[in-house]
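Me: I'm new to this one and I'd like to poke at the labels people put on structures. Can we go through a few of them together?

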Amino acid sequence: MKKILLYFTALLILSISSQAQDLPVLETGAQQPMPAAWIDRDTGHKLVHLTDREGDNRSFYFHNNPFLPGTSTENDKMIFYGMVDGERQLFSVDLKTRETEQLTNKKGVSGEIVGKMSRRVFYQCGDSVFSTGVDDRKTRLIYVFPDSIRANITTLNADETLLAGAVSSPKEQELFRQNPKKSDYFNVIYEARLRRSLFTIEVASGEFKNIYSENAWLNHIQFSPTEPELLMFCHEGPWHKVDRIWTINIHGGEPKLMHKRTMDMEIAGHEFFSPDGKRIWFDLQLPRGEAFFLAGVDVKTGEEKRYSLTRDEWSIHFTLSPDQTLFAGDGGDPGQVAKASDGMWIYLFYPEGDRFRSQRLVNMKHHDYQLEPNVHFSPDMKWIIFRANFEGQSDIYAVELKRAVQ
């Protein structure tokens, strides 16, 4: 019996090895176009084009969930943006067959919100908020903002009853128009300290509620994935000038600061909830550009845990696996805050004690980091999904976590 088991194990290894050898081993992005699948020459990991359609395609921002669980008749799907006749539209891609389907056909589609239970996408077109069924394509108008309100939806709560976002002032909109580049507007908007308000919209009835207002740039608004009444937001602006990360109960109470800066030039940001909603994770630098950590604060107790990284391992964005055992990062070029000399990689991170052990998955030397890769774990935790432009346009790729046999 043991000999038979060893025989079939050997056959399986030979089969996997043969499949891997059929793929070209290439420097990622060194040629245009890249094949449909290849092995990264520098890391030994398999990459595939996740979306097989012409034009610009982009996966969601790092903390916005893009995945829709499978059913008895549907495979797991991912929602993404694709350009159609100069307009951004929402699409779905079957994560098993890689078949894509267009979900929206409107002008000015914005918003990256997926309702896993309702199996609907929520988005905004100008002043109107809609939802569309991923399976049945039925679209419903939820709310129309009056002319007096400049607002955007950004998040859906855990029981999918409420959308939330921020209202800004006409003066702020004018400052953005006058300063279109982030390098121009970032300090201008922060210093203006104009009034912003957090709001909710009830999905069923379309009821609008203003829940909190402040003379600050309220941004990065995210509902807890498990507590329907808990909303996180940030005080946006130069990170070394703000105590950034806050939570609030949407039914009342004062905002709660989640991390207080303790030294000059300390920064904390790019915050996101853990899948179980118990922690908020964030990029922590003590001080800016010197010592690098990924930190997680307990939402209820305020207790923090920290994992240190090297300068080259620092990433613009981090993410956490569905089972909360692994982290990933999208790296960064020398122009980012870490000033890394060799940081242009997609990383997998293994927590070990109080630091990360890193594994390089993709060499991103041919990627322009003006487009941030924004990594996501696939629902089965076998792939990291990201966006990149090393073929000349933005497209969506997946890299296998297990190293290919060579």
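Reply: Sure, let's take the labels one at a time, keeping in mind that this is a predicted model.

Me: What makes residues 38–403 an "Oligogalacturonate lyase" domain?

Reply: That name comes from an unreviewed UniProt entry, which annotates residues 38–403 that way. Such annotations may be inferred rather than shown by experiment. From the model itself, that stretch is 5% helix and 45% strand, with its end C-alpha atoms 12 Å apart.

Me: Why is the pair of Phe-60 and Tyr-81 called tilted?

Reply: Ring centres have to lie within 6.5 Å to pair, and planes under 30 degrees apart count as stacked, over 60 as edge-to-face and the rest as tilted. Phe-60 and Tyr-81 sit 6.0 Å centre to centre with 45° between the planes, so they pair and land in the tilted class. Phe-60 is in the loop between strand 4 and strand 5 and Tyr-81 is in strand 6, so the pair ties together parts 21 residues apart in sequence.

Me: How do you know whether those two are buried or exposed?

Reply: Buried means under 20% relative accessible area. Phe-60 has 1% and Tyr-81 has 3%, so both count as buried.

Me: And what makes Phe-145 and Phe-199 edge-to-face?

Reply: Their planes are 80° apart, and over 60 counts as edge-to-face, so the label fits. The centres are 5.7 Å apart. This pair links distant parts of the chain, 54 residues apart, and both Phe-145 and Phe-199 are buried.

Me: How do you know that Arg-88 lies over the face of Tyr-81?

Reply: One part of the test is that CZ of Arg is within 6 Å of the ring centre. Arg-88 is at 3.8 Å from the ring centre of Tyr-81, so that part is met. Arg-357 lies over the face of Tyr-350 too, at 4.3 Å from the ring centre.

Me: Why is strand 23 described as largely enclosed?

Reply: Seven of its seven residues are buried, so the rest of the structure largely encloses strand 23. Phe-292, Leu-294, Gly-296 and Asp-298 point one way, while Phe-293, Ala-295 and Val-297 point the other.

Me: What makes strand 23 a partner of strand 22 and of strand 24?

Reply: Pairing takes at least two bridges. Strand 22 and strand 23 share seven, in the antiparallel sense, and strand 23 and strand 24 are joined by six, also antiparallel. So both pairings pass the cut-off. As examples, Phe-282 has Ala-295 as its bridge partner, and Leu-294 has Tyr-307.

Definitions and conventions. Residues numbered from 1 in each chain as written. Predicted model: local features only at pLDDT ≥ 70, side-chain atom pairs only at ≥ 80, totals over all residues. Heavy atoms only, no water. Helix = DSSP H or I, 4+ residues; strand = E, 2+ residues; numbered from the N terminus. Buried < 20%, exposed > 50% of the residue type's maximum accessible area, 1.4 Å probe, protein only. Lys NZ or Arg CZ within 6 Å of the ring centre and 35° of its normal.
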